[in-house]
Amino acid sequence: MKKAILILMAVTMVTLANAQPFQKGTTMVNAGVGLGTALGGLGKARPAISVSLDHGFWEIGGPGVISLGGYIGNTGYKYTDPGYTAKWNYIIVGARGAYHYNGFEVPELDVYGGAMLGYNIVSYSADGGGTELSNSYGSGLGFSGFLGGRWLFNSNLGAYAELGYGVSVLSAGLTFKF
């Protein structure tokens with residue numbers, strides 16, 4: 001048992017030694033599932049899924065790096081009543097920028113906040129009840145902010161959580177470092 005604990009501690013130390021803070025040239029991809037949404041819709045919601053990418057471009061005065069990247073997310077709703085079905089689908093595509101704070105001197109931790117300019121593609125369809133509709137409405141540009149954090153388990157894999165507007169209010173999942 002003691003031998004297993006010592007091996008686990010050694011592996012953990014090597015893993016932590018390989019982790020580096022977010023810096024210029026770092027690329028990270030988040031893939032996650034979201035909870036809560038500010039997007040409309042009735043009935044049963046499809047889980048919100050999203051993928052985002054951040055690439056470190058500029059080191060700035062003080063402990064931090066500015067990144068630029070992208071975002072894509074999707075969610076939807078389906079409402080069914082006897083003889084009537086309505087569906088909403090939301091896709092958000094955006095460009096984002098963030099400031100990654102490196103002042104904690106914890107290499108496994110990446111804390112960041114930023115802004116996104118996105119386009120929300122909304123589609124709606126309904127059939128039954130004597131009506132068949134299919135159209136896009138409410139699509140348009142939007143500006144939003146976000147706060148997030150990542151914890152790296154090793155030099156390439158970690159977990160993240162992000163709070164802000166996208167297809168969900170809170171998104172969490174895996175993060176990959178390249």
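# A guided tour of the cores, charges and rings

Begin by selecting Ala48, Tyr71, Ile92, Ala98, Tyr112, Met116, Phe146, Tyr160 and Val167, the nine residues of the largest nonpolar core. Strand 4 (84-101) and strand 5 (109-128) each contribute at least two residues to this core. A nonpolar core is a set of buried Ala, Val, Leu, Ile, Met, Phe, Trp, Tyr and Cys residues joined through side-chain atoms within 4.5 Å. Buried means under 20% relative accessible area, exposed means over 50%, and partly exposed lies in between (1.4 Å probe, protein chains only). Strands are DSSP runs (E, at least two residues), numbered from the N terminus.

The model is predicted: local features need pLDDT of at least 70 and side-chain atom pairs count only at pLDDT 80 or more, while totals for chains, interfaces and linings use all residues. Residues are numbered from 1 along each chain as its sequence is written, and side-chain values use heavy atoms, with hydrogens and water left out.

A second, separate core has eight residues, including Leu39, Tyr90, Val122 and Ala126.

**Phe146 and Arg96**

Return to Phe146 and display its contacts (heavy atoms within 4.5 Å). Leaving aside residues up to four places away in sequence, Phe146 touches Arg96, Gly97, Ala98, Tyr112, Gly113, Gly114, Ala115, Met116, Glu162, Leu163 and Gly164. Next, select Arg96, whose charged end sits over the ring of Phe146, 4.2 Å from the ring centre. Such an arrangement requires NZ of Lys or CZ of Arg within 6 Å of the ring centre and within 35 degrees of the ring normal. Arg96 belongs to strand 4 and is buried, at 3% relative accessibility.

**The salt bridges**

Four salt bridges are found in the whole structure. The term denotes a side-chain nitrogen of Lys or Arg within 4 Å of a carboxyl oxygen of Asp or Glu. Keep Arg96 selected and add Asp54: these two residues form a salt bridge with their closest N and O atoms 3.1 Å apart. Asp54 is in strand 2 (residues 44-60) and Arg96 in strand 4, so this pair links distant parts of the chain, 42 residues apart. Asp54 is buried, at 0% relative accessibility.

Now add Arg150, which forms a salt bridge with Asp54 at 2.6 Å between the closest N and O atoms. Because Arg150 lies in strand 7 (residues 140-152) and Asp54 in strand 2, the pair ties together parts 96 residues apart in sequence. Arg150 is buried, as is Asp54.

Glu162 comes next; its salt bridge with Arg96 has the closest N and O atoms 3.0 Å apart. Here strand 8 (residues 157-164), which holds Glu162, is linked to strand 4, which holds Arg96, and the two residues are 66 residues apart. Both partners, Glu162 and Arg96, are buried. Finally, add Asp110 to the selection: through shared partners, salt bridges join Asp54, Arg96, Asp110, Arg150 and Glu162 into one network.

**The aromatic pairs**

The structure contains five aromatic pairs. Rings of Phe, Tyr and Trp (its six-membered ring) pair if their centres lie within 6.5 Å; planes under 30 degrees apart count as stacked, over 60 as edge-to-face and the rest as tilted. Select Phe57 and Trp58, a tilted pair with ring centres 5.5 Å apart and planes at 40 degrees. Phe57 is partly exposed, with a relative accessible area of 36%, and Trp58 is partly exposed at 45%.

Then move to Trp88 and Tyr124, also a tilted pair, at 5.3 Å centre to centre and 50 degrees between the planes. Trp88 lies in strand 4 and Tyr124 in strand 5, so the pair ties together parts that are 36 residues apart in sequence. Trp88 is buried at 10% relative accessibility, and Tyr124 is buried at 13%.

Note on methods: Helices (H or I, at least four residues) and strands (E, at least two) are DSSP runs, numbered from the N terminus.
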